[in-house]
Amino acid sequence: MTSVTRPTPFPPVPDSADAVLEGLDPEQRAVATTLRGPVCVLAGAGTGKTRAITHRIAYGVLAGVFQPATVLAVTFTQRAAGEMRGRLRQLGAGGVQTRTFHSAALRQLHYFWPKAVGGEPPRLLERKVTLVAEAAARSRIRLERLELRDVTGEIEWAKVTQTTPEDYPAALAKSGREAPRDPAETRRIYATYEQLKQDRGAIDFEDVLLLTVGILQDRSDIAETVRRQYQHFTVDEYQDVSPLQQRLLDLWLGERDSLCVVGDASQTIYSFTGATPDHLLNFRARHPEATLVKLVRDYRSTPQVVHLANGLLAQARGRAAEHRLELVSQRPAGPEPDFSEHADEPAEAEATARRIRELLTPVAEGGAGVPASEIAVLYRVNAQSEIYEQALADAGVPYQLRGAERFFERPEIRQAGLALRGAARAGGNDSALLDADGLAGQVGAVLGSTGWTPEPPAGSGAVRDRWESLRALVRLAEDFQRATPDATLAAFVAELEERAAAQHAPTVEGVTLASLHTAKGLEWDAVFLVGLTDGMLPITYAKTPEQVEEERRLLYVGVTRARSYLMLSWALARSPGGRAGRRPSRFLDGLRPGSGPAGSRAAGGGGSVERGGGSRGRKPRGPVPCRVCGRTLTEAAEIKLRRCADCPSAMDEELYERLREWRVERAKELGRPAYAVFTDVTLMAIAENMPGGEGELAGISGVGPHKLRQFGADVLALCAGEPVPAADSQLPEVSPEK
């Protein structure tokens with residue numbers, strides 16, 4: 001099938017305002033050329049909203065209507081702000097300020113604090129949860145870890161909705177929110193938390209907005225200074241604005257109306273933080289003269305994916321659903337979404353890893369040839385990631401967890417930056433560059449001095465992650481060289497420094513594991529939506545109709561991340577042999593083949609339902625009895641051991657300790673966490689069963705074909721009381737398909 005057209009990494013900078021408009025569709029062009037008065041852009045997923053608003057800013061700058069320093073564009077994540085900065089830089093509008101609400105407010109707070117208050121500004125708390133825990137203890141209220149998270153979330157919601165501790169119970173009742181605990185107790189903890197902050201001269205992220213709002217409200221001179229500086233505003237993801245952020249935006253604007261907002265009410269998924277689509281939906285009522293533009297041409301997803309997304313929203317209810325946008329795919333036809341049902345969660349994870357390996361197989365070998373960086377596994381909660389990390393590691397597939405440290409802050413990238421800057425300063429005097437071929441060759445040679453090699457290391461984990469990060473720099477150098485054939489190493493270093501300042505990171509090769517919330521704003525060629533059962537999506541604590549509808553929108557966000565391949569799966573039981581009491585998510589009713597209609601319209605998503613268990617050729621697991629007392633086992637750890645947790649163990653304690661020591665050494669060699677070699681429970685099962693050959697070892701849960709080939713000889717030697725074979729006598733690590 002025809003793949004989606006992606007922008008080149010280093011496009012030529014437009015030489016005129018008219019050149020900025022090239023390639024825009026009629027609606028995007030309308031956004032870009034409407035430079036006066038308020039503008040509201042309703043933009044569906046994949047319709048090019050970021051393209052439209054960045055081209056609008058660049059067109060205004062190159063046409064002389066906007067001065068770059070007077071434009072402030074705000075969004076909600078540092079990643080999104082970095083991407084916008086990078087695009088504006090490529091469009092010739094690099095002087096525009098692009099920030100999150102919090103970073104823009106913090107910058108103003110630090111600058112104006114000495115004038116407005118005097119002295120040094122308060123210290124910013126990096127993590128409020130520690131102080132909330134102390135406030136609970138001082139209030140004589142005991143909180144478990146999850147309860148602490150819930151109370152912290154309630155405090156954040158109260159602050160962004162500008163609710164004081166005293167007003168919290170009444171505001172909670174008025175909002176219709178379901179309190180995670182007694183509102184009176186939360187009010188006490190909230191009040192104590194605020195007092196502790198004040199006593200210690202500290203503020204949290206919500207205070208940054210509150211204090212900035214307070215200064216701008218109380219000091220008209222400071223407000224006027226800000227308004228002279230910033231005269232034109234753009235707000236991305238406007239459906240996620242909280243009342244407090246809207247108040248700050250109003251103060252920035254004053255009586256002016258040079259404002260462009262863009263959003264999609266169907267992607268409102270952060271109401272738990274105080275976000276509301278009301279500001280977006282009420283924009284024209286508040287600004288009757290506003291220009292309204294709707295973007296519905298979907299350039300991201302195939303017609304099959306778009307059909308499923310539209311069908312999902314067709315069942316929605318509520319005010320946001322009344323304003324839903326019907327997407328129209330602009331791409332060639334692709335494969336139908338694939339729905340699959342599995343006996344248990346491990347089987348679902350193994351099937352997902354197996355399908356990913358098929359997608360990774362090169363086209364020349366009969367596969368789809370999808371790069372690992374263009375594949376994502378998305379789930380509802382972060383706790384679901386571990387089983388997929390294990391399955392991908394077992395299959396020899398590299399992966400990266402979304403939400404880890406920023407690319408340019410990774411130690412290996414910092415070290416590489418230092419080495420590249422040193423080589424650029426040395427120029428032709430650096431011996432490492434003498435035989436290098438072109439810019440990419442020079443970068444590879446410099447990185448070679450830090451230990452990088454063109455061939456990837458065996459296995460996954462930290463060593464592979466480090467290699468992938470450095471490989472991303474080499475690929476970026478290759479792109480830079482293609483765009484600028486005569487580019488020097490010094491020019492490439494300057495490009496890296498600009499990207500680091502903008503947090504515009506290159507792509508790292510590896511399958512992405514991420515929560516649905518974290519995936520917002522991202523896209524991949526292939527997306528696996530896993531764990532789609534009632535109780536997980538919608539999540540069990542979504543009780544009210546509004547909360548359930550937000551869960552539906554969360555699934556919609558997941559569906560619309562996919563460009564071509566979309567896989568949706570669920571498991572009937574948590575553990576092998578467990579009771580198959582789960583049902584597929586109600587949101588799939590009327591969409592998955594074989595399900596009845598749901599809501600007012602059943603929009604068939606096509607595809608097929610794959611029913612069954614796990615690994616190819618494996619028989620479905622039946623009930624697993626305890627080998628000591630005979631009780632049916634349901635917990636994964638007990639099933640691995642084939643006995644109840646409290647039944648007598650026949651484990652060889654000395655063997656178990658030898659296995660643990662061996663695991664630590666192997667994990668160090670591979671640069672992987674210890675559990676990625678074998679979990680503690682698997683080691684206990686080995687120490688209890690003491691396998692005498694490969695067949696017996698393979699029969700232990702947690703020892704798949706890949707691990708049997710990689711670690712089998714070591715484990716069997718330890719079980720036999722023999723020395724571990726030398727490294728050069730072991731079988732090389734191979735992929736599980738070979």
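**Exercise 1. Glu661 and its surroundings**

Task: In this predicted model, decide whether Glu661 is buried or exposed, and find which residues gather with Glu661 in a patch of negative charge.

Solution.
- Step 1. Relative accessibility of Glu661 is 54%. Exposed means over 50%, so Glu661 counts as exposed.
- Step 2. Glu661 belongs to helix H25, which covers residues 653-670.
- Step 3. On the surface, Glu653, Glu657 and Glu665 gather with Glu661 in a patch of negative charge.

**Exercise 2. Cysteines**

Task: State how many disulfides the count gives, and explain why Cys260 has no bond to Cys40.

Solution.
- Step 1. A disulfide needs two cysteine sulfur atoms within 2.5 Å.
- Step 2. For the sulfur of Cys260, the closest cysteine sulfur is in Cys40, at 8.3 Å. That is too far, so no bond is counted between Cys260 and Cys40.
- Step 3. The count of disulfides is zero.
- Step 4. Cys260 has 0% relative accessibility and therefore counts as buried. Cys719 is also buried, with a relative accessible area of 13%.

**Exercise 3. A salt bridge with buried partners**

Task: Describe the contact between Glu237 and Lys49, place each residue along the chain, and classify Glu237 and Lys49 as buried or exposed.

Solution.
- Step 1. The side chains of Glu237 and Lys49 form a salt bridge, with 3.3 Å from N to O.
- Step 2. This pair links distant parts of the chain, 188 residues apart. Glu237 sits in the loop between strand E6 (232-235) and helix H12 (243-253), while Lys49 is in helix H3 (residues 49-62).
- Step 3. Buried means under 20% relative accessible area. Glu237 has 12% and is therefore buried; Lys49 has 17%, so Lys49 counts as buried.
- Step 4. The backbone of Glu237 can be added: phi is positive, about 50°, although Glu237 is not a glycine.

**Exercise 4. Salt bridges with partly exposed partners**

Task: Give the number of salt bridges found in the whole structure. Then describe the pair Asp278 and Arg319 and the pair Arg586 and Asp534.

Solution.
- Step 1. The search of the whole structure finds 42 salt bridges.
- Step 2. One salt bridge joins the side chains of Asp278 and Arg319, at 3.3 Å from N to O. The pair links distant parts of the chain: Asp278 is in helix H13 (residues 278-281) and Arg319 in helix H16 (residues 319-322), 41 residues apart.
- Step 3. Asp278 has a relative accessible area of 35% and is partly exposed. Arg319 counts as partly exposed at 35% relative accessibility.
- Step 4. Another salt bridge joins the side chains of Arg586 and Asp534, at 3.3 Å from N to O. These two residues link distant parts of the chain, 52 residues apart. Arg586 is in the loop between strand E16 (562-571) and strand E17 (609-612), and Asp534 is in the loop between strand E15 (524-529) and helix H23 (545-559).
- Step 5. Arg586 counts as partly exposed, at 38% relative accessibility. Asp534 is partly exposed as well, with a relative accessible area of 23%.
- Step 6. Salt bridges can also share partners: Lys159, Glu194, Lys197, Asp204 and Asp207 are joined in this way into one network.

**Exercise 5. Phe233**

Task: Locate Phe233, decide whether Phe233 is buried or exposed, and state how far Phe233 and Leu249 are apart in sequence and in space.

Solution.
- Step 1. Phe233 is part of strand E6.
- Step 2. Its relative accessibility is 2%, so Phe233 counts as buried.
- Step 3. In sequence, 16 residues separate Phe233 and Leu249; in space, the separation is 8.8 Å from C-alpha to C-alpha.

**Exercise 6. Two backbone details**

Task: Describe the peptide bond between Leu537 and Pro538, and the phi value of Gln162.

Solution.
- Step 1. Leu537 and Pro538 are joined by a cis peptide bond, with omega about 5°. Pro538 lies in the loop between E15 and H23.
- Step 2. Gln162 has phi near 60°, a positive value in a residue other than glycine.
- Step 3. Gln162 is in the loop between helix H7 (145-160) and helix H8 (168-175). At 41% relative accessibility, Gln162 counts as partly exposed.

Technical notes: Residues are numbered from 1 along each chain as its sequence is written. This is a predicted model: local features need pLDDT of at least 70, side-chain atom pairs count only at pLDDT 80 or more; totals for chains, interfaces and linings use all residues. Side-chain values use heavy atoms; hydrogens and water are left out. Patches are made of residues with over 30% relative accessible area and no salt bridge: like charges are joined within 9 Å, nonpolar side chains (Val, Leu, Ile, Met, Phe, Trp, Tyr) within 5 Å. Accessible areas come from the Shrake-Rupley method with a 1.4 Å probe; for residues, only the protein chains shown count as cover. A salt bridge is a side-chain nitrogen of Lys or Arg within 4 Å of a carboxyl oxygen of Asp or Glu. Lys and Arg count as positive and Asp and Glu as negative; His and the chain ends are not counted. The place of a charge is taken as NZ of Lys, CZ of Arg, CG of Asp or CD of Glu. Helices (H or I, at least four residues) and strands (E, at least two) are DSSP runs, numbered from the N terminus. Buried means under 20% relative accessible area, exposed over 50%, partly exposed in between (1.4 Å probe, protein chains only).
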